[in-house]
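Take a look at the model below. Keep it in view as you read.

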Amino acid sequence: MTSTSPEPALLSPHRTRLVLLVVSISLMTVVSAVSGLNVALPSLARATGASQTELTWIVDAYTVIFAGLLLASGAIGDRLGRKGILLVGLAIFGVAAGAAAFAETPSTLIVLRAVMGIGAAAIMPTTLSVITTTFPLEQRGKAVGVWVGVAGGGAAIGVFVAALLLQWFEWPSFFWLNVALAATGFVGTVLVVPRGRDEHPPRFDGFGAVLSLLAVGGIVFGIIEIPERGGDDPLALGVLAAGLAALAAFVAWEWRSPAPLLDPRLFAVRGFGMGSLSLAVQFFAAFGFFFAALQYLQFVAGLSPLWAAACLLPMPFILIPLARFSPRLAERFGYRRVAPVGLILIAAAFVVFAQLEVELNYAVFGSGIVLFAIGMALSGAPSTTAITQSLPPGKQGVASAVNDTAREFGSALGIAVLGSILTATYKSGVQDAIAGLPPAIGAAVESSIAFAQSDRVAEFGAAAEPVIAAAKQAFLDGVTTALLVAAVVLALTAAITATFGPRRSRGVANK
């Protein structure tokens, strides 16, 4: 790709710091909408009667739409202006979150979360694009490191703030937090974010945008629904097949398009291709972990939302500072030496988490959190820097969108795949325990550990105790199985990036 766009206009140091603060708040708005919701899932499930599969969809409806629209929104930002698309995204996100606070059924929440995903798709790539087109090259790596730190550590901060609210208020307070963050980001964007767009944008690839949404939606739908509906369900299998077909069609269309939304040949650039792969797997693991671990801490270990969030609190204090400096480590020692080490550390953390038992041992959990945070910092920021430095300034909207698509597609797959493994393992583990229950009660216990701990089951007196114990053990088995699968994926990705990653972190010459 080529571009005739000029270098970023020079802003005062004070203005650039304000810009970084505003885009960080906007990014926090998007990231906390996934992580923070995870801590509210148990209370939400009890209030709305959502099954385990419905809980997965309440989380993943957001990430599916988010990931499916990221490429299109990045290109639109390049064409129409980054500031404008950021404002539109924040407005859509805030209004949908406000409506979700009044939802009474799981289906309503799923729809509104999908609308929030539309807004998030406009926000996230634009925040990184604003950084890469505003900061001069010598400051860009550090600013990107802050962005990555907020993207990773902000997830844990979002969990903790949401848990504080849930200590005194019901689950709708989480959505009011989303509204407050979106409103703050909107006002800040109006006041300090400069206007910017590609002066010579290519023709918008609308067909490619539709194919990308169908591909992500179809694949994730199949992964989530097959464990619930069964491996022979024609709807789940058909939608999965359609998603895979849409993905193949997207690659073929983009390969031949004179103005592609995403040129597949870019993945031959080592920094672009390996950075994208690494980010996708990192967030596959990270958000699958948040989804499973926060339910384990509350449903199995019996912690309150606040104490569950406190268990994750060391993460941002390690991840955010280290992420600021990890691009320098990659520049000095090489991407293929630093980023794979980060992936291995995340895999090691998941092996540690797999040693957990029904009764929480925080020495084990805390050790895993430390390894997890270091690994995310070492692998995340260098991968983002590798992607953004692979394209010229005028195409930073595309680079940002690919960076974010890798993250969100990985997140959606992680929640879907690891959530489905958790669900399937849980269902299998409670079969013997529910054999003596009335069929309707047994089916409800099988669909949700929240129901297994409800008053309806407690009414059975002493007979309820083995059911509750079996449900906790089955859920724990599902969590540990899912995390061990993620550890294997992380280790394989580390080997690939160590072999094929760029030797240096800079430039498009790393082919």
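This report looks at a few helices and the residues in them.

The model is predicted: local features need pLDDT of at least 70, side-chain atom pairs count only at pLDDT 80 or more, and totals for chains, interfaces and linings use all residues. Residues are numbered from 1 along each chain as its sequence is written, and side-chain values use heavy atoms, without hydrogens or water.

Three residues come with a helix and an accessibility. Buried means under 20% relative accessible area, exposed over 50%, and partly exposed in between (1.4 Å probe, protein chains only). Helices are DSSP runs (H or I, at least four residues), numbered from the N terminus.

| Residue | Helix | Relative accessibility |
|---|---|---|
| Glu 254 | α8 (residues 234–256) | 0%, buried |
| Ala 348 | α12 (residues 335–353) | 30%, partly exposed |
| Leu 191 | α6 (residues 172–192) | 65%, exposed |

Start with Glu 254. Its contacts (heavy atoms within 4.5 Å) include Asp 205, Gly 208 and Pro 260, not counting residues up to four places away in sequence.

Ala 348 pairs up across the sequence. Ala 487 is 139 residues away in sequence, yet the two are 7.2 Å apart in space, C-alpha to C-alpha.

Now helix α15, residues 439–447. Ile 441, Gly 442, Ala 444 and Val 445 are buried there. They sit on the same side of α15, because they cover an arc of only 160° around the axis, taken from the directions from the helix axis to the C-beta atoms. An α-helix has 3.6 residues a turn, so residues three or four places apart point the same way. Pro 439 and Ala 440 are exposed, on the face of α15 turned away from its buried side.

Methods: Helices (H or I, at least four residues) and strands (E, at least two) are DSSP runs, numbered from the N terminus.
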